[in-house]
Amino acid sequence: MTADALLSTMLARRSVSPRRLGPPAPSAEQLGLMVDAALRAPDHGRLLPWRLIEFGDAQRAELAQLFEDEKWRRTPDPTPQDIERARAHATQTPTMLAFVVRPESDGKVPVHEQWLAAGAALGQLVLAAHAMGFGAIVLSGERCKDSTLRAALGIAPEETLAGFVSIGTIVSPPPPAARTPRSHVLSSWKP
Ligand SMILES: Cc1cc2nc3c(=O)[nH]c(=O)nc-3n(C[C@H](O)[C@H](O)[C@H](O)COP(=O)(O)O)c2cc1C
């Protein structure tokens, strides 16, 4: 791939909502390459302060039940649509991953740098999905803080459930991404 092609791929990346995704899911090989891309993110000390949990097809019904149970715990009187939406997040997406951040706090590498490394890895993961022609999005929400759900997913108290990554084939293309002027983030230092 030329530099121009690589850059235009990067510049066109945008998130794709789970309702715009359908089968086929990435193959195990394709998903593996996305994880490899995430593993190439800058990471001070190569601490790998993150991990992924994949929810296979056979686990989705159970995940949907966990999402529904969490909704009942959080919302005293959920509507049928609230419940359906919670369950759909678990069942709708061809590939469903949890992204877990697990910084070490022994002081060698500051925790904020480990968070940056985890964020960079997450960015590379969704960029690789996009580069391979799939749609992807990271969604968190209140359920990520729920201790019962976290425990059921095997997330340790010192870990953070940063969000769920949905990946699949784009069945309904999203509108083009709005471009942010680079002047919003780039300035020249003037002593
Ligand atoms: C860790 C993380 C959690 C997120 N959680 C949510 C969320 O719960 N709801 C949401 O609308 N967007 C969430 N987002 C933002 C979307 O993934 C997406 O980046 C945003 O809609 C902007 O779209 P874009 O990536 O095409 O610019 C999250 C992003 C990250 C990195």
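This report covers the ligand site, the unusual backbone geometry and the aromatic contacts of a predicted model.

## Ligand shell

Nine positions are named around the ligand: Arg13, Arg14, Ser15, Ile137, Val138, Leu139, Ser140, Gly141 and Ala162. Sorted by class, this shell has four nonpolar, three polar and two charged residues. Strand E4, which covers residues 135-139, gives three residues to the shell, the largest share.

## Polar contacts to the ligand

Oxygen atoms of the ligand take part in contacts with serine 15, valine 138 and glycine 141. Serine 15 uses its side chain: a polar atom there lies 2.5 Å from a ligand oxygen. Valine 138 uses its backbone, with an N or O atom 2.6 Å from an oxygen atom of the ligand. Glycine 141 also offers a polar backbone atom, and the distance to a ligand oxygen is 3.4 Å. The ligand exposes 620 Å² when taken alone, and the protein buries 48% of that area.

## Backbone geometry

Proline 23 and proline 24 are joined by a cis peptide bond, with omega at about 0°. Proline 24 is part of the loop that runs between strand E1 (21-22) and helix H2 (28-39).

A further loop, between H2 and strand E2 (50-55), holds arginine 46. Arginine 46 is not a glycine, yet its phi is positive, at about 45°. Leucine 48 sits in the loop between H2 and E2 as well, and leucine 48 has a positive phi of about 50° although it is not a glycine.

Are these two side chains buried, partly exposed or exposed? Arginine 46 counts as partly exposed because its relative accessibility is 42%, between the limits of 20% and 50%. Leucine 48, at 31% relative accessibility, also counts as partly exposed.

## Aromatic pairs

The structure holds three aromatic pairs. One of them is formed by tryptophan 50 and phenylalanine 99, whose rings are stacked, with 5.7 Å from centre to centre and 15° between the planes. Tryptophan 50 belongs to strand E2 and phenylalanine 99 to strand E3 (residues 95-101), so this pair ties together parts of the chain that are 49 residues apart in sequence. Both tryptophan 50 and phenylalanine 99 are buried.

Phenylalanine 55 and phenylalanine 164 form another of the pairs, and this one is tilted: the centres are 6.2 Å apart and the planes make an angle of 45°. Here phenylalanine 55 comes from strand E2 and phenylalanine 164 from strand E5 (residues 160-170), so the pair ties together parts that are 109 residues apart in sequence. Phenylalanine 55 is buried, at 8% relative accessible area. Phenylalanine 164 is buried too, with a value of 0%. Each is classed as buried because the limit for that class is under 20%.

## Ring cluster and a charge over a ring

Which residues do ring pairs link into a cluster? They are Phe55, Phe67 and Phe164. Phenylalanine 67 has a further neighbour in arginine 143, which lies over the face of the ring at 4.1 Å from the ring centre.

Key: Residues numbered from 1 in each chain as written. Predicted model: local features only at pLDDT ≥ 70, side-chain atom pairs only at ≥ 80, totals over all residues. Heavy atoms only, no water. Near = heavy atom within 4 Å. Polar contact = N/O pair within 3.5 Å; in protein donor to acceptor, adjacent residues only side chain to side chain. Areas by Shrake-Rupley, 256 points an atom, 1.4 Å probe, with all protein chains shown as cover. Helix = DSSP H or I, 4+ residues; strand = E, 2+ residues; numbered from the N terminus. Nonpolar A, V, L, I, M, F, W, Y, C, P; charged D, E, K, R; others polar. Buried < 20%, exposed > 50% of the residue type's maximum accessible area, 1.4 Å probe, protein only. Phe/Tyr/Trp six-rings, centres within 6.5 Å; stacked < 30°, edge-to-face > 60°. Lys NZ or Arg CZ within 6 Å of the ring centre and 35° of its normal.
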